[in-house]
Amino acid sequence: MLLPTTCILLICFFLSPLCKASYSFNLSLPHQHPDPDAVAHEVQRRVNASVSRRQMLSIDVKDQSQCLVGNPIDDCWRCEDWSNNRQKLADCGIGFGMDAMGGKGGLIYIVTDSSDSNPADPTPGTLRHAVIQTEPLWIIFSADMTIKLKCELIVNSFKTIDGRGYSVHVTGGGCITLQYVSNIIIHNIHVHHCKPAGNTNVASSPTHVGWRGESDGDGISLFSAHKIWIDHCSLSFCADGLIDAIMGSTGITISNNYFAHHDEVMLLGHNDKYLPDSGMQVTIAFNHFGVALVQRMPRCRRGYIHVVNNDFTRWEMYAIGGSANPTINSQGNRYTAPQDTNAKEVTKRVDTNEGDWSDWNWRTEGDIMVNGAFFVPSGAGMSAQYAKASSIEPKSVTLIEQITANAGVFGDPREESSRVTSPDDGPITDGGSTGSGSGGSNGHGNGNGDDYFGLIFGNGARPSPNTIFLSISIIFILYFTTNHGGALLSLPLLLTLL
C-alpha cells in the first residue's frame, strides 16, 4: 500500500491540470524581488513614518513643517540644501526601484548645450553626449532649456538625469530609451510631444553607433531594463505611451509624476504571451493622474503592480486595466470618476471573459472612491503574493492631496479646472466595489457579516469549483489511506463554501 504522503502527491499531480492556480506561474527574472508583498508593506511603513513625523512637528518649527509633507521620498531630501548634496536623492527611493543608484558616486556632468545636431556623434556638453558615457554620471543643467531630440535618446547604465533648479524640457523624436540598462534615475524634467523618429544611426556609447529603426514615440521607454526610478517628472502629449515598460523590465518605481493630456498613459508588459514579464515588479506611488487622460494608468500584462497613494483625476474609459493575470495591489489611492455613468469603474480586464479572470489577484485596500467610482476586486486572496497582506487605514482626502501636492516638476502649475473635489458631486467611499460593472460583483456575503470567503481570504472572491474539488479529493485520500476518519471533519467546512 502506498504511503499516505505519496498518495497525496500523486492525486495533486493528476488533478492539478483541472485546477486554475490561484496565481500564475511566475517566470523569475534575474533581478526580481523574491517577496513582492514585503516591498509593498515597506512602502506603506515609510509613508506612515513620514506622516507621523509631520503630525508630531511643533508649530514653532515652521521651516520643517513646510518641507515635511508626509511623502517619504520628498521628506528624505527636501529639508536639506539639496543643491550642495544632489546625490542624497539616490538614498530616497522606495518600492521596487529603490535600489536604482543612478550616477551616485560618479562625477557631476553639466549640460550646457541644448542642441541635438548629430545623434551619431554627440557634441560634448549636450544631454546626448552625457547619457551615452560608460561611467556613472550625475547629470545636471546649467540653465533653463528645451532639448528637441532628433531621435531616441539612448541612455547608458548608472546615470541620473537631474533637472532640479531649472526648467528642462525633453521633446521631439523618441524620446528617452532605456534598453538593456540598469540603475537609472530620471528626476524633475518635462517630457512631452514625443513622436516617432529613427531610421538613422544613433550612438549608444562612446564607442558604439548603430542603426535604429523608427521608434514608437513613447515619452520614456523601458526595454529589458531594471533598477529604474522615474520621479517628479511631468509627462504629456506623446504619440504612444507616456511610460512603457516591456520585455522583462523589472525593479521599477514611478513616483511623484504628473500625467496629463494623453490617451494610453502607461503600458507594463510586452504582450500576453511574453512569459518573462511575469517577473515584472513596479511601484506606482504618489503620482497625480491629471486632466484629459483616457486609459492605461496603468495597463498591465502579467507581473506584480503596486499602486499606492496616487490621485486619479478622472479618466474617460478606465484607470487600471490588465490581461494575462497580473497582480494589482491598490492601496490608499483616490479615484475620482468622470461624469459619464458608463465609465465609473476604475478597473478593466482587457479582452478577457469573467470566467478567465475571476482568480486574478486584484485588490483594493483603503482606496477613496469619489463621484461614483468603484473598483472590482477579484481573486481568492490566497496566492503567495497576498499571503501576508494586511489592511491599511483609508487615507483622508486632505492627506492624499498633501502627499501628491508636488507631483510633477516642482513649481509647475496644475490644470485642474475639470477636477471633482466637492462631496456634492457624488459620494466619497473608503474603497471597494460599489457596483458590478464589467468586472462582476465584489463579494458573496449576505450583508450580515456572514461572508465566509471574505473572512477567510480577505476579499469577496470565491475560489474556483475545481480548486474546491481538489481539496475534497485530498481529504478523501487522507481518509482512505489512513485510519483517521477525523480527516473528514474538514469536509463540512468546505461544503459550506460551495
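## Proline 298 and the cis peptide bonds

Proline 298 sits in the loop that runs between β22 (293–295) and β23 (299–301), and in this predicted model the peptide bond leading into proline 298 from methionine 297 is cis, with omega near 10 degrees. A cis peptide bond is also found from glycine 174 to cysteine 175, where omega is near 15 degrees. Cysteine 175 belongs to the loop between β6 and β7, and this cysteine returns below as a partner in a disulfide. As background to both sites, most peptide bonds are trans.

## The disulfide of cysteine 175 and cysteine 194

A search of the whole structure finds 2 disulfides, and one of them is formed by cysteine 175 and cysteine 194, whose sulfur atoms lie 2.0 Å apart. This pair links distant parts of the chain, since cysteine 175 is in the loop between β6 (168–173) and β7 (176–179) while cysteine 194 is in strand β9 (residues 190–195), 19 residues apart. The torsion about the S-S bond of cysteine 175 and cysteine 194 is about -105 degrees, and the disulfide is therefore left-handed.

Cysteine 175 counts as buried because its relative accessibility is 0%, and cysteine 194 is likewise buried, with a relative accessible area of 2%. Cysteine 175 thus carries a cis peptide bond on the side of glycine 174 and a disulfide to cysteine 194.

## The disulfide of cysteine 76 and cysteine 92

A disulfide also joins cysteine 76 to cysteine 92, with an S to S distance of 2.1 Å. Cysteine 76 lies in helix α4 (residues 72–77), whereas cysteine 92 lies in the loop between α4 and β1 (107–111), so the pair ties together parts that are 16 residues apart in sequence. With a torsion of about -70 degrees about the S-S bond of cysteine 76 and cysteine 92, this disulfide is left-handed. Cysteine 92 has a relative accessibility of 0% and therefore counts as buried.

## Cysteine 238 and cysteine 233

The closest cysteine sulfur to that of cysteine 238 is in cysteine 194, but the two are 3.6 Å apart, which is too far for a bond, because a disulfide requires the sulfur atoms to be within 2.5 Å. Cysteine 194 has its disulfide with cysteine 175. Cysteine 238 counts as buried at 9% relative accessibility, and cysteine 233 counts as buried at 0%.

## Positive phi at serine 224 and phenylalanine 237

Most residues other than glycine have a negative phi. Serine 224, although not a glycine, has a positive phi of about 50 degrees, and its place is the loop between β12 (220–223) and β13 (226–231). With a relative accessible area of 25%, serine 224 is partly exposed.

Phenylalanine 237 also has a positive phi of about 50 degrees without being a glycine, and this residue lies in the loop between β14 (234–236) and β15 (243–246). At 39% relative accessibility, phenylalanine 237 counts as partly exposed.

## The internal cavity

The count of cavities of 30 Å³ or more comes to 1, and the largest cavity holds about 40 Å³ of space. Its lining is made up of Ser115, Asp116, Ser117, Asn118, Pro122, Thr123, Thr126 and Arg128. Sorted by class, the lining of the largest cavity has 5 polar, 2 charged and 1 nonpolar residues.

Key: Residues are numbered from 1 along each chain as its sequence is written. This is a predicted model: local features need pLDDT of at least 70, side-chain atom pairs count only at pLDDT 80 or more; totals for chains, interfaces and linings use all residues. Side-chain values use heavy atoms; hydrogens and water are left out. Helices (H or I, at least four residues) and strands (E, at least two) are DSSP runs, numbered from the N terminus. Buried means under 20% relative accessible area, exposed over 50%, partly exposed in between (1.4 Å probe, protein chains only). On a 1 Å grid over the protein atoms alone, a cavity is a set of points where a 1.4 Å probe fits but cannot get out, and a pocket is an open set with protein on both sides within 12 Å along at least five of seven lines; lining residues have an atom within 4 Å of a point. Grid points are joined across faces, edges and corners, and a volume is the space filled by probe spheres set on the points. Ala, Val, Leu, Ile, Met, Phe, Trp, Tyr, Cys and Pro count as nonpolar, Asp, Glu, Lys and Arg as charged, and the others, Gly among them, as polar.
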